[in-house]
Amino acid sequence: MLPGIGPVNAIAVLFPIVYTLEVPAATVMILFAGIYYGSQYGNSISSILLNVPGTSAAAVTTIDGYAMAKQGLGGKALAMSAIASFIGGTISIFFLAFFAPKLAELAINFGPAEYTVLMVFAFIALSSFSQGSLLKAIISAFLGLAIAAIGIDSTTGVSRLTFGMMELYDGIDFIVVVIGFFAVSEILIMLGQKEGDQSQMQPLTSLWITFKEITNSLATSLRSCVSGFLIGVLPGAGGTIASFIAYATEKKILRPNQFGNGDIRGVAAPESANNSASVGSFIPLLILGVPGSETTAVMLGGLISFGIKPGPLLLETSPDVFWGLAASMFIGNLFLIILNLPLVGLFAKILQTPRWILMSLITMLCVVGAYTINGSEFDVLLILIFGLIGYFLRRADFPLAPLILGVVLGDLIETNFRRAMIYSGGDVIIFFESNICLTLWILAAVSLFAPTLINSIQKKVHS
Amino acid sequence: MRKSMQSILGILTGTAIAATTMLGVAMAKPGNTECIAPAGAGGGWDFTCRVPAAQVMGDMGLIDGTMAVTNMSGAGGGKAYAHVVTKRGDDENLIVAASMATAARLGQNVYSGFKASDVRWVGALGADYGAIAVHKDSQFKTLSDLVTAMKDNPRRTAIVGGSSAGGWDHLKVLIVADKAGISDLKAINYISFDNGGTAMLEILSKRADAFTGDISELVEYEKQGNIRILAILAPDRIPAVPSAKTAKEQGYDVIGANWRGFYVPKNISNARYKEWVDIVTKVANSSQWSDLSAKNGLAPFKSFGKDFENFVGGQIGKVAQISTDLGFMK
């Protein structure tokens, strides 16, 4: 639940211990996997209740989750998050078990050109995050792109926007951006409010999610699970992009909706997608030996030291590892939901803490979280600067989600575009050659025009 | 369920062991030690701190108590380097993980002006040798085939690797090209990927023509028969891939060793420096380490004390020269 203290550290620290103890490899993988997806849920608690996303993937959950918490519906949001995570996490295990080798091929065939088009598709999601002015959303996204450009450019080795500061050579960690722009700016806004102000937290009204709310959001969870899984399979895309795309898609196809103002499906979509993506990321790890995320990279190191070779034959050579993993994921998900649902009320009580304590607590979480990423005081300074910028942006009604999207996509779209151009010798035809590219273009076009189409169809039906 | 119980027991016992070792009695060995890994968890530097340092030194009783591991990522190791030079210059109980990448960056002078002589080099205890590979169906059968293509048609010969431009994977292929007498090194078409794994996907999908990386990244793909290793940049053939020829056998005298080792702060006592050299030598020669390093795809590579200092100096000079030729460095 602590932002910054993620699964990577936990796994890296545990590794020498289990190695010394000669625990069987299958058990170790199961333990690591448990930490990996267990932490996913912990992070959504702080996203929903405190507007502090612990990981980049949980950033989208803050939009509707925190809006719900403000309306006194924090308990419902937490419960929805647990249920959607369960659905996303469980169904994706079946995808993993049955389609792993086939999907590994997708990961291989997904080259720089395909990534570039996927990012274009994701950028179209931008319009879903503009609350009102599209221009403001675009400005916000550009600010995010500028932040993404900071650091050494890997294609040429040139440093950009670093102002000679060594701390900036590696770029800015995503969590620093998120803590600064979301959490610190939130504290500043809370400081500016009078006690008893209408716009602040409403007392908890309903704690329990109703059966109807679950069934209403079931379709959302299922769709997000599928798209999240497919994106998770691609090394390099991951849970953050999965949650953004799932949220944007649902916002476009669900009519009517309250996305942005505390729609429970706005919590279900990113949570399901994000958990499903983390299961999907095991496919490149296990079948191709290519880690899709930092955490799976640590796990890969672990597997190899145990003499287990990831590869297309893993299912035959080490079935105990593969099936043990799949079974443990299922049990893990089951435990998470059994443990978490009764505790929702307890978590939600955090919000009844007096404001002066709560605000100090959030500030502490932010500072500790920013510091632990790299053990750097500089990052703490950065969250304060970003917090201030974020405060003024929010006061001027700039949406912050496009900024986050810009930071996430900026580096990916740029490096992949340049890689593709180097391959093709500068010919843009490379972006239209493969079937995957064409499919993505069609999806992009559909997502761009679908809302208008749905609107006009609805009008015709009504008239 | 039984398996998860095992896991829980594992954690509990682990904690108990950790707690017991912390109660160790003080002796005249380095105590209260710390190893800085200049990168996040999971990479090569992190491994160097956690396994040969914290684990093996602890198990062999070469240090007093347990060694703390600190991850200090930033500026490709530059942040840790600056930290050690400016703030920990006389810390007798500190060692820092280093590798060929450290030397490469010092050679390119990107550690904000700090030099190799600002620290003391203790030793190296293993290395991952460089390798160049292609898809199994590739038209390139030998290293010479690839070198000819790089010479005649550099723009159409896409070479991928896991380091950024100017990084170690890129430099290795340039050193080979340089040996082969290619004068226009800038024309060589290197495409950088996030890590060796994602670069390898470019080979498996046949999008790229050749891969430059380390042997440990290739062993599995070679065993599965998906790729062909054109050359390994090692002095001799490696048991893990016995059929792969060295570059030297094919007439290109290039050795590219991504060694793993340590440096310590400059102003510690000579006695303590000698102790660290002694400790690292003992680890390097231990059976526990040879077992662990082999499992992690490292080949034996030993160099200690004064020899190691000279070796690092030589590598830095070489990288500086190539990088200047290429314009990565002014």
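**View 1. Just past the end of helix α15(A), Gly375(A) has a positive phi of about 60 degrees.** Keep in mind that everything shown here comes from a predicted model. The helix that leads up to this glycine covers residues 355-374 of chain A, 20 residues in all. From the first C-alpha to the last, α15(A) reaches 30 Å, close to the 28 Å expected at 1.5 Å a residue.

**View 2. Helix α15(A) again, this time with an eye on which residues are tucked away.** Which residues of α15(A) are buried? They are Ile362(A), Leu365(A), Cys366(A), Gly369(A), Ala370(A), Ile373(A) and Asn374(A). These residues sit on the same side of α15(A), because the arc they cover around the axis is only 130 degrees. Turn to the other side of the helix and you meet exposed residues: Trp356(A), Ile357(A), Ser360(A) and Met364(A).

**View 3. Stepping back to chain A as a whole, we find 18 helices and two strands.** Chain A has 463 residues, and 56% of them are buried. Take the contacts in chain A with a separation of 6 or more: 79% of those are between residues 24 or more positions apart.

**View 4. Chain B comes with 11 helices and 10 strands.** How compact is chain B? Its radius of gyration is 21 Å and the globule rule gives 20 Å for 330 residues, so chain B is as compact as a globular protein of that length. Along the principal axes, its C-alpha atoms fill a box of roughly 65 × 55 × 30 Å. As for burial, 53% of the 330 residues of chain B make the cut. Among its contacts between residues at least 6 apart in sequence, 78% link residues at least 24 apart.

**View 5. Two strands of chain B, β1 (residues 34-37) and β2 (residues 68-71), run parallel.** Four bridges hold the pairing of β1(B) and β2(B). Look for Cys35(B), whose bridge partner in β2(B) is Val69(B). Side chains along β2(B) alternate: Val69(B) and Asn71(B) point to one face and are buried. Ala68(B) and Thr70(B) point to the other face and are not buried.

**View 6. Helix α11(B) takes in residues 305-326.** With 22 residues at 1.5 Å each, α11(B) should span 32 Å, and its end C-alpha atoms are indeed 32 Å apart. Its buried residues are Phe308(B), Val312(B), Ile316(B), Val319(B), Ile322(B) and Ser323(B). Seen down the axis, they fall within an arc of 135 degrees, so they line one face of α11(B). What do they pack against? Their neighbours in chain B are α4 (100-107), β4 (119-135), α6 (168-179), β9 (257-265) and β10 (303-304). Exposed on the other side of α11(B) are Lys306(B), Asn310(B), Gly314(B) and Gly317(B). Right after the helix comes Gly327(B), with a positive phi of about 85 degrees.

**View 7. Chain B is split into domain 1 (31-126 + 260-326) and domain 2 (128-250).** The C-alpha centres of these two domains of chain B lie 27 Å apart. Where they touch, 12 residues come from domain 1 of chain B and 15 from domain 2 of chain B. On the domain 1 side, the elements that give two or more residues are α4 and α11 of chain B. Which of the elements gives the most to that side? The answer is α11(B), with five residues.

Conventions:
Residues are numbered from 1 along each chain as its sequence is written. Chains are lettered from A and ligands numbered from 1 in the order in which they are written. This is a predicted model: local features need pLDDT of at least 70, side-chain atom pairs count only at pLDDT 80 or more; totals for chains, interfaces and linings use all residues. The radius of gyration is taken over C-alpha atoms; the globule rule is 2.2 Å times the number of residues to the power 0.38. A residue is buried if 20 or more other C-beta atoms lie within 10 Å of its own, exposed if 12 or fewer, and partly exposed in between; C-beta atoms are placed from the backbone. Two residues are in contact if their C-beta atoms, placed from the backbone, lie within 7 Å. The expected span of a helix is 1.5 Å times one less than its number of residues. The arc is that of the directions from the helix axis to the C-beta atoms. Two strands pair if DSSP finds at least two bridges between them. Domain bounds come from an automatic or database domain assignment.
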